[in-house]
Each structure stands twice: as C-alpha cells, then as structure tokens.
Amino acid sequence: MAKRIEFAQAGGPEVLNFVDYSPNEPTDNEIQIENHAIGINFIDTYVRSGLYPVANLPAGLGTEAAGIVVKTGSQVTGFRPGDRVVYAQGPLGAYSEIHNVPESAVAHLPNDISFKQAAACSLKGMTVYYLLNQTYQVKRDEIFLFHAAAGGVGLIACQWAKALGAKMIGTVGSDEKALRAKDAGAWQVINYQTEDIAARVKEITDGEKVNVVYDSVGQATWLASLDSLKRKGLMVSFGNASGPVTGVNLGILNQKGSLYVTRPSLSGYVTNRAELDQASKALFDMILSGKLNVDVPESQIFALKDAQQAHRIIEQRHTQGSSLLIP
Ligand code: NDP
C-alpha cells in the first residue's frame, strides 16, 4: 500500500485528495520508482482544473519526480534497482510515493545532483534548454523578452540566458520578483503590473524591439508580446498561466510586421532516448558547472499530503522559482 494524490473531478485545489493506493507491478518496459522529491508544475493546475482534460477519472496528478528504482520490468535494460533517477514526462500520477514510468522517460541522475534539485528543474530546465537553443537559438549579446521571469521556468531562463551571454528582458508581477529575476541573471526587468510591456521594450532597445519573445502567460500578454517584436520576429507562445490564446486572426501577424508564431511543448522536442539524453545532459552540465542554481527555499517545499495548499499558493502567484512535494 502507498499514498498518492488523486482527483475524481476537475476543479479547484480542493479536488485533490490524499489517498491510499496499490501500485501495479511494472509492465515489461516500466520502471517502478520510489519518489523522494516531486516537481510541481503550473501545467499540473491545467490538468486539475480541466483546461487540459483527463479522459479517465479518478486519476493521479503530476509527471515529474526524482527517486530510486525499486523494480524493473522484464524488458528494461538501462536501469537496475537502487539506481538514482529522474523523470519529467512520466504518465500522470507522479504526486505519489511510488510510480511506474516507462523506461524511455527515465534518466540516470548524477550523484552530485540531489533529488530535490532534480525534481525542481528537470521539466522546467529541459524546457528552457529547447526554448533558448532549439525553438530559436539565442545568441551572445542578443536581447530577447521572456515573461514570468521569476517563476519556475523563468528563474532557470534568467540563469541560462546569462550563461549564453544573452541579454534577457524578464517580465514579473511584483517589485520583489523583479529583484529576484535580476539577481538570477536577467539583464533588464519589467513589472507588468505597473509598466507597459511593449513601450518599455521599445525604450530599453532604443526603438529596435526584439527578435524573439517567449510567452507562457498567454492571453494577458499576447498583444504586448506581438508589439515587442521586430519585423519578421518570432513569437514563442508556450503556456497559458493567464488563460489560453484563442481565436487569433492570422492577419494580425501581417499587421504587426510579418511575424512568425509557434506553440511548442516539451513533448514535441523530447520524444525519444537520444533527445532525452541530450536535453538532460545539457541541463545537468549547467548545474554541475555552477551556472545554474535550482535550490528550492523551505517555504516552497510541501509534504505530499499538502498538495492542495501548494496549488493554491502557486495559482495565487505567491511563489518564486520551483516548488516541490515530498512524500
Ligand atoms: P511558474 O512558477 O512560472 O508560475 C506561473 C507564473 O505565471 C506565476 O508565478 C506568475 O508570475 C505568472 N502569471 C501571469 N499571469 C498569471 C495568472 N493570471 N495566474 C497565475 N500566474 C500568472 O510556473 P512554471 O514554471 O511551472 O511554468 C511557467 C509557464 O511555462 C506555465 O505557463 C507553463 O504552462 C509553461 N510551461 C510550458 C512548457 C512547454 O513546453 N510548453 C513546459 C513547462 C512549462 P508573476 O506573478 O511574475 O506574473
């Protein structure tokens, strides 16, 4: 018998229940993992709320954790019981003491990276890796715009941008978050509660604006993001924290300067063992070389049973950087 978080209907944080459950034996290609630290992602709130509907309820929640291999299926070749591992793209149900994950989604964890560090940055860090290196290759000294810069993905982006020698303009929702993003490596910061994003981007860049905008806020920032782009610039819309962008009239891309737009996700960039190994190596190298700090403050580390409280705090925009659940 183990414990996990389950929800039987979509809704607010109150639908999350802490329940007993019996994990299945791992199937041929699965690895059974004892989770030591679980990553909380804003995406989990979309799944819980029904924005990303789940076909079969009740279901578990969460896709990311780090821990130790307990059992392996008969076809598993790359892992053994006792191995330290991390996964970012597991099946729903990572908010759990024990979880079965396909071998293809699991990565070995270097000894010098803790379970907490790994669970804090695996999904978010591989996301920053593909965004800044593959969706658009940000160059040294290049100025670009990245929204929600003091969030989980955001604070990693600040540090990655600095490591690339690029000049990231980060947007944030408070002055306290502005300081945090700057500290992490953002070149300039815009508080979008008090400042006009596009006007400030224009000012900061001497009227030039930017080649690429990374926007996970969605609805609330869509137009300001387009207005911050140079002619033929790229809008990377990768999240919906304020609600999804819908009903776009393509003509707007013409009006705003022959713009490009893409709506990428990690599951479109990390799809097999080779891509997982490449992205996780890039991420682990950043941590091991000291360029990326993903330590989580005690105030954002919650007991697994307190998932409701964790979701409330994240949705109320009270967190900075990553948050964790501990079984
Ligand atoms: P965060 O820790 O960044 O939390 C979301 C942040 O969004 C908040 O802290 C808040 O920062 C900002 N925000 C702006 N408007 C709102 C709003 N109306 N309600 C709540 N928050 C708002 O979460 P994550 O690091 O987990 O994820 C960041 C974003 O990246 C999410 O949108 C997520 O969906 C997306 N994502 C996309 C991936 C992909 O591959 N496509 C993969 C991983 C994440 P502030 O107070 O500063 O405004």
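# A tour from the ligand outward

Begin with Pro264: one of its backbone N or O atoms lies 3.0 Å from a nitrogen atom of the ligand. The model on screen is a predicted one.

**The ligand contacts.** Keep the ligand in view and select Phe238. Here too a backbone N or O atom approaches a ligand nitrogen, at 2.9 Å. Next select Tyr130, where the contact comes from the side chain: an N or O atom there is 2.7 Å from an oxygen atom of the ligand. Taken without the protein, the ligand exposes 900 Å², and the protein buries 93% of that area.

**The shell.** Now select every residue around the ligand; there are 29 of them. The closest are Tyr130, Val153, Lys177, Tyr192 and Arg317. Colour the shell by class, and 14 nonpolar, 10 polar and 5 charged residues appear. Then show the helices. Helix 1 (42-49), helix 2 (115-135) and helix 3 (152-164) each give the shell at least two residues. Which helix supplies the largest share? Helix 2 does, with 4 residues.

**Helix 3 against helix 9.** Leave the ligand and select helix 3 together with helix 9, residues 273-288. Their axes come within 12 Å and cross at roughly 85°. Helix 3 is therefore roughly perpendicular to helix 9. To see where they touch, display the side chains of Gln159, Trp160 and Ala163 in helix 3, with Ala282, Leu283 and Met286 on the helix 9 side. This contact has 5 nonpolar residues, 1 polar residue and no charged ones.

**Helix 3 against helix 4.** Hold helix 3 and swap helix 9 for helix 4, residues 175-184. The axes of helix 3 and helix 4 are 8 Å apart, and the packing angle is about 35°. From helix 3, select Leu155, Cys158, Gln159 and Lys162; they meet Arg180, Ala181 and Ala184 of helix 4. By class, this contact holds 4 nonpolar, 1 polar and 2 charged residues. Gln159 appears in this contact and also in the one with helix 9.

**Helix 1 against helix 10.** Move to helix 1 and add helix 10, residues 307-315. Their axes lie 10 Å apart, with an angle of about 110°. Helix 1 is therefore roughly perpendicular to helix 10. Select Phe42, Asp44, Thr45 and Arg48 on helix 1, then His311, Ile314 and Glu315 on helix 10, to display the contact. In it are 2 nonpolar, 2 polar and 3 charged residues.

**Two backbone details.** From helix 1, follow the chain into the loop that leads to strand 4 (59-60), where Pro58 is placed. Zoom in on the peptide bond from Leu57 to Pro58: this bond is cis, with omega near 0°. For the last stop, go to the loop between strand 9 (143-146) and helix 3 and pick out Ala148. What is the phi of Ala148? The value is near 55°, positive in a residue other than glycine. Both stops are worth setting against the general pattern: most residues other than glycine have a negative phi, and most peptide bonds are trans.

Key:
Residues numbered from 1 in each chain as written. Predicted model: local features only at pLDDT ≥ 70, side-chain atom pairs only at ≥ 80, totals over all residues. Heavy atoms only, no water. Near = heavy atom within 4 Å. Polar contact = N/O pair within 3.5 Å; in protein donor to acceptor, adjacent residues only side chain to side chain. Areas by Shrake-Rupley, 256 points an atom, 1.4 Å probe, with all protein chains shown as cover. Nonpolar A, V, L, I, M, F, W, Y, C, P; charged D, E, K, R; others polar. Axes fitted to C-alpha atoms, helices over the stretch in contact; angles between N-to-C directions. Parallel < 35°, antiparallel > 145°, perpendicular 65-115°, else oblique. Contact = heavy atoms within 4.5 Å.
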